[in-house]
Amino acid sequence: MWSEVIEGKLGKIAAFLAMMGEEVAQSTSFIKEIRKDGYLYIIGRVGSMEPQKVVAAIETAAKNQGIIDHGVYREAHALYHAIIESLHGIGRGDTSLGSIMRTVGLTFAVVRGKPYPSEEEGEWIAVALYGTIGAPIKGSEHEVLGMGINHI
């Protein structure tokens with residue numbers, strides 16, 4: 001069932017994982033399918049009024065869980081750009097948070113793999129963010145979804 005939905009769709013996998021969060025672990029058929037296709041992934045949560053804390057949380061999780069090799073600059077660089085692109089998505093083009101009185105509560109997913117059939121295309125990395133953004137007042141937030149994809 002899942003193979004037709006996700007075939008070659010790195011961003012779709014990341015967005016689904018971010019939106020479903022830990023609940024996706026219950027969908028063993030989905031997890032089996034993405035693993036069978038050679039994708040690596042992590043799911044985590046972060047909340048902050050500072051974008052650098054969001055970046056740091058995602059980078060740290062990706063390094064600690066083996067999604068990227070922290071000793072290889074191009075891998076960290078590709079992840080960084082995918083994170084920044086996803087932050088632009090949730091911030092409607094602006095990555096500022098606390099300085100303009102916004103806070104976020106996000107689930108993130110990082111997915112690494114080869115979405116193209118040709119080996120020459122190499123590996124890619126996708127970062128999806130799903131959650132809420134708004135004034136730091138409970139009940140003043142709204143949903144957001146952002147995604148960034150970069151080649152490694």
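Here is a short walk through the structure shown above, from its overall layout to a few of its details.

Let us start with the whole chain. This is a predicted model, and the protein has 152 residues, of which 44% are buried. Its secondary structure consists of five helices and four strands. If you follow the sequence from start to end, these elements appear in the pattern α-α-α-β-α-α-β-β-β. Looking at the outside, the accessible surface amounts to about 8,100 Å², and carbon and sulfur atoms contribute 53% of that area. Looking at how the chain meets itself, consider the contacts with a separation of 6 or more: 64% of them join residues 24 or more positions apart.

Now find helix 2, which covers residues 10-20. Several of its residues are buried, namely Leu10, Gly11, Ile13, Ala14, Ala15, Leu17 and Ala18. Just beyond the end of helix 2 you will meet Gly21, whose phi is positive, at about 60 degrees.

The next stop is the pairing of two helices. Two packed helices can be described by the angle between their axes and by the distance between those axes. For helix 2 and helix 3, the latter spanning residues 28-36, the axes come within 12 Å and cross at roughly 145 degrees. The crossing of helix 2 past helix 3 is left-handed. Which residues make the contact? Helix 2 supplies Ile13, Phe16 and Leu17, while helix 3 supplies Phe30, Ile31 and Ile34. Sorted by character, the residues of this contact are six nonpolar, no polar and no charged. Two of the names may look familiar, since Ile13 and Leu17 are among the buried residues of helix 2.

From the helices, we can move on to the strands. Strand 2 runs over residues 103-113, and the loop between strand 2 and strand 3 holds Pro117. Is Pro117 buried or exposed? Pro117 counts as exposed because its relative accessibility is 82%, and the cut-off for exposed is over 50%. Pro117 and Glu7 are 110 residues apart along the chain, yet their C-alpha atoms are separated by 10.0 Å.

After that loop comes strand 3, residues 124-134, which pairs with strand 4, residues 141-151. The two strands run in the antiparallel sense and are joined over 11 bridges. To see one of these partnerships, look at Gly131, whose bridge partner in strand 4 is Val144. Strand 3 and strand 4 form a hairpin with six residues between the strands. In this hairpin, Gly139 has a positive phi near 95 degrees.

Definitions and conventions: Residues numbered from 1 in each chain as written. Predicted model: local features only at pLDDT ≥ 70, side-chain atom pairs only at ≥ 80, totals over all residues. Heavy atoms only, no water. Pairing = 2+ DSSP bridges. Buried < 20%, exposed > 50% of the residue type's maximum accessible area, 1.4 Å probe, protein only. Contact = heavy atoms within 4.5 Å. Areas by Shrake-Rupley, 256 points an atom, 1.4 Å probe, with all protein chains shown as cover. Axes fitted to C-alpha atoms, helices over the stretch in contact; angles between N-to-C directions. Left-handed = near helix turned anticlockwise from the far one by under 90°. Nonpolar A, V, L, I, M, F, W, Y, C, P; charged D, E, K, R; others polar.
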